[in-house]
Amino acid sequence: MKAAFALVTILFVLMYTGAEGTLQGPKNDGRVHLRWATDSNPARDVQIAEFGKLYPGVTAAVDPSAGGDISKVLIQCATGVGPDVIDLYGDSMQTMADAGVLLDLTPYASKMGFDPSHTYPSARGALVYRGKQYRFPCNVSVNCIIYNKQIFDDHNVPYPTPNWTEQDFIRTAKLLLNNPSKSGHHHLAYAPPGGMTFYEDELIGRGGRVFTPDGLRCVLDSPQSNSALQDYYDLMFVYKVIPTPADTASISSQGGWGTGAINWFSSGDAAMLPIGRWYICQLYNYPKLEGHLGSVLLPSVGGLPSAGVVSSRAAGINVNSKNRAAALKFLQYLASPQYSNVIVTDGDALPPDPMLAKSGPALVDSAENDPAFQQPFVDAIKTARPIDESPYIDADVVTQWMGDYVAKVENRLMTPKEALAVLTAQVNQQIRRNLERRQDLQKLYEQQTGKPYSSNWWKS
Amino acid sequence: MNQNKSGIRRYGFLVRLLVLSVLGVVISLPFVWMVSASFKPRAEVENINLVPIHPTARNYPIVLSIVPDPGTGKFVPMQFGRWYFNSVFIAVGTTLFQVLTSALAAFAFSRLQWRGRDTVFLMYLATMMIPGVVLMIPNYQTMVLFHFINTYHGLIIPAAFSAFGTFLLRQFMLSISPALDEAATIDGASPWMIFWDIIMPLARPGVIALTIITFLGAYQSFFWPLIMLSDSQLYPMSVGMLTLDSSYGQQTELIMAATVMNVVPLIVIFVTCQKFLVSGLQLGGVKG
């Protein structure tokens with residue numbers, strides 16, 4: 001036993017010496033080294049290199065997160081050693097701002113050229129929380145429907161037209177499913193990206209909201225919201241043109257929030273996929289799709305113009321960053337045409353700078369050189385809207401609950417109307433609880449309404 | 001009558017065989033899928049067929065950065081050799097220290113008589129009841145104070161002490177007759193000699209079981225290394241593989257190729273040592 005321990009100890013000492021001896025220390029090159037908490041995408045290398053060209057005194061290195069999960073950043077920031085620049089996905093800005101992790105950018109943004117006016121009008125609201133700007137987009141995404149022309153031709157189905165409606169979508173999907181294919185293959189009409197994505201796009205498409213404009217009440221039981229979720233249900237179970245989660249699970253060999261749908265579409269098994277422009281950055285893996293893709297706006301509903309959710313991966317700054325000046329330069333870089341040009345040529349989502357996404361031809365890149373393919377994304381960003389949030393309840397919690405109830409509908413445990421009624425009541429109850437507990441929210445309530453806070457406020 | 005019994009026995013055996021075979025297939029299916037996916041091209045990886053239609057071994061050299069990814073013409077940004085070494089190094093270090101400290105603590109809690117011994121042991125054991133997530137920030141704060149962030153020390157030292165390991169080995173040591181210590185003491189052996197020359201050899205099944213459990217846990221550890229490290233030179237494989245999973249999607253076939261290579265040491269260790277693992281856990285479970 002002693003010998004075994006001695007041997008392992010010697011092995012460990014040798015490994016330790018080797019490991020420590022071969023480590024390269026931090027470069028003492030006189031530059032400020034920023035830590036950027038983001039996903040470890042190879043595209044970040046190109047973006048960092050371009051940053052280095054514009055600001056030679058500063059460089060950045062990726063501090064990887066796991067699929068956008070903010071746990072790592074929160075733990076690091078809670079102990080005072082957080083990264084300098086933090087990527088914020090979806091609803092995490094509110095959580096991080098409430099936790100006191102993010103720097104209020106408002107005093108710097110106008111002077112340094114990265115205030116909300118430097119990006120798309122539809123994306124501006126998502127950069128601001130309680131009147132303060134906390135982030136600037138690294139990219140801006142809006143869904144369109146990308147389709148595979150080969151599958152449409154195979155089933156002798158006409159391509160979708162720019163002003164198509166939901167009825168046209170159902171008709172097209174039925175034709176794709178029912179028309180015999182020349183190749184003899186069966187195809188999915190639509191690769192489902194997940195219930196929440198579908199429901200949220202439908203909600204925005206109908207002009208629906210999650211909260212009243214003051215954020216005090218959840219309105220997910222509104223007619224628009226009910227109709228959005230009912231449509232999702234009907235497409236699955238009445239018209240049977242999109243796969244149910246059970247269908248999806250039975251044919252998928254892989255989880256993830258959309259990777260399965262992406263792979264089905266990319267491998268030529270599905271005719272349509274709702275997704276952002278960033279899909280084209282992986283087209284190199286699917287040479288068979290080259291020259292066969294089209295894109296179109298999401299189908300319009302209720303006579304309204306086509307609209308969907310605008311989302312963004314946006315960067316904020318750690319309030320305790322020791323390199324604040326350099327981190328602000330990084331955000332300045334994100335607003336620059338040089339950075340936006342990297343996003344365009346990399347086949348990412350839309351660039352933060354709208355000037356570089358004025359038209360389809362402006363977005364043409366090596367991955368997809370058809371301006372007609374790029375045009376719908378330019379059009380979609382004009383009518384898109386972010387999912388609205390309330391300062392009275394954590395957006396992450398609301399999203400999680402929405403997902404839970406959409407799943408109940410998908411699994412036919414509740415009707416859409418029942419699910420939304422229960423969800424709305426649950427969110428409203430949480431808003432009341434939060435107001436009861438938190439004085440800062442009570443003050444906000446008084447500022448917003450001009451009335452003194454009382455525990456029965458919600459009855460009025 | 002005897003024929004009936006024999007028939008029932010044979011029937012029972014067949015049912016057991018069938019149930020176990022089905023279970024075996026279900027349990028091994030994810031592993032088979034992983035290996036299969038590692039030999040598929042990207043366009044095929046989502047298909048459920050276990051046998052690749054267009055099998056390719058190119059995912060392995062791509063992950064090993066021997067050849068560039070043909071799609072991009074670039075090498076994937078993986079330091080496979082370094083990360084592989086780091087995984088093994090961290091697992092060896094963690095295992096060495098944890099087994100040693102657990103054995104010493106177990107010896108003190110089982111063989112040495114001192115005032116308040118059992119109370120201290122219960123208090124130590126009670127730390128197992130605190131969920132790891134609750135301790136995450138205090139532990140991290142401690143690492144910050146010691147300047148262990150972004151170092152190997154920060155991965156090895158916090159894992160060098162284990163209440164579970166102490167408990168497991170204490171149970172073993174309690175099962176060894178106290179007469180051996182007494183005889184050794186009469187012969188002039190110090191507690192140190194008793195520990196190394198008498199107790200540790202007799203507690204060998206438990207030590208081996210703890211070694212395997214600790215090694216497997218440390219080798220697969222993900223979240224703690226993820227939050228501790230930002231320098232890619234220090235990544236273990238579990239964290240390094242994140243480079244293949246970005247916000248634009250996963251490179252599943254490459255992840256599977258890397259995972260197949262990553263799990264090989266675990267399989268070798270488990271297969272060669274499973275006898276000790278099972279017997280160690282059984283013994284530890286019944287003695288006390």
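Colleague: Which residues does A:Ala228 touch, not counting residues up to four places away in sequence?

Modeller: In this predicted model, A:Ala228 touches A:Tyr199, A:Glu202, A:Leu203, A:Arg206 and A:Gly208 once residues up to four places away in sequence are set aside. A:Ala228 itself has its place in helix H10 of chain A, and its C-alpha is 17 Å from that of A:Pro245, with the two positions 17 residues apart in sequence numbering.

Colleague: Why is A:Ala228 called buried?

Modeller: The term needs 20 or more other C-beta atoms within 10 Å; A:Ala228 has 25 such atoms within that distance, and is therefore buried.

Colleague: What makes H10(A) oblique to H18(A)?

Modeller: Helix H10 (residues 223-237) and helix H18 (residues 416-437), both of chain A, pack at an angle of about 135° with their axes 9 Å apart. Oblique covers what is left after the angles under 35, over 145 and from 65 to 115 degrees have been taken out, so the angle between H10(A) and H18(A) makes the pair oblique. The crossing in which H10(A) passes H18(A) is right-handed.

Colleague: How do you know which residues make the contact of H10(A) with H18(A), and how do they divide by class?

Modeller: On the H10(A) side the contact is made by A:Ser225, A:Asn226, A:Leu229, A:Gln230 and A:Tyr233, and on the H18(A) side by A:Pro416, A:Lys417, A:Ala419 and A:Leu420. By class they are five nonpolar, three polar and one charged.

Colleague: What makes A:Arg130 partly exposed, and what is notable about its phi?

Modeller: A:Arg130 has 13 other C-beta atoms within 10 Å, so it is partly exposed, given that exposed stops at 12 or fewer and buried starts at 20. The phi of A:Arg130 is near 50°, a positive value in a residue other than glycine, and the residue lies in the loop between strand S4 (128-129) and strand S5 (132-133) of chain A.

Colleague: Why is B:Ser65 called partly exposed?

Modeller: For B:Ser65 there are 15 other C-beta atoms within 10 Å, and the residue is therefore partly exposed, by the limits of 12 and 20 used above. B:Ser65 is not a glycine, yet its phi is positive at about 55°, and it lies in the loop between helix H2 (59-63) and H3 of chain B.

Colleague: How do you know that chain B is more spread out than a compact globule?

Modeller: Chain B has 13 helices and two strands. Its radius of gyration is 24 Å, whereas the globule rule gives 19 Å for 288 residues; the value is well over the rule, so chain B is more spread out than a compact globule. The C-alpha trace of chain B spans about 75 × 75 × 35 Å along its principal axes, and 34% of the 288 residues count as buried.

Colleague: How many residues of chain A are in contact with chain B, and which elements of chain A give two or more of them?

Modeller: On this side 46 residues of chain A are in contact with 40 residues of chain B. The elements of chain A that give two or more residues are helix H1 (2-21), strand S2 (58-64), helix H3 (71-78) and helix H12 (259-266), and the largest share, eight residues, comes from H1(A). By class, this side of chain A has 21 nonpolar, 19 polar and six charged residues.

Colleague: What makes H1(A) oblique to H3(B)?

Modeller: The axes of H1(A) and helix H3 (residues 80-110) of chain B come within 10 Å and cross at roughly 140°. Roughly antiparallel would need an angle over 145 degrees, and roughly perpendicular one of 65 to 115, so H1(A) is oblique to H3(B). Their crossing is left-handed. In H1(A), A:Phe5, A:Val8, A:Thr9, A:Leu11, A:Phe12, A:Met15 and A:Ala19 meet B:Phe89, B:Val92, B:Gly93, B:Leu96 and B:Leu100 in H3(B); these divide into ten nonpolar, two polar and no charged residues.

Colleague: Within chain B, how do the axes of H3(B) and H10(B) cross?

Modeller: The axes of H3(B) and helix H10 (residues 204-220) of chain B come within 8 Å and cross at roughly 145°, and H3(B) passes H10(B) in a right-handed crossing. Among the residues that meet there are B:Ile90, B:Thr94 and B:Val99 in H3(B) and B:Leu210, B:Thr214 and B:Phe215 in H10(B), while by class the contact has nine nonpolar, seven polar and no charged residues.

Note on methods. Residues numbered from 1 in each chain as written. Chains lettered and ligands numbered in written order. Predicted model: local features only at pLDDT ≥ 70, side-chain atom pairs only at ≥ 80, totals over all residues. Axes fitted to C-alpha atoms, helices over the stretch in contact; angles between N-to-C directions. Helix = DSSP H or I, 4+ residues; strand = E, 2+ residues; numbered from the N terminus. Left-handed = near helix turned anticlockwise from the far one by under 90°. Contact = placed C-beta atoms within 7 Å. Nonpolar A, V, L, I, M, F, W, Y, C, P; charged D, E, K, R; others polar. Rg over C-alpha atoms; globule rule 2.2 N^0.38 Å.
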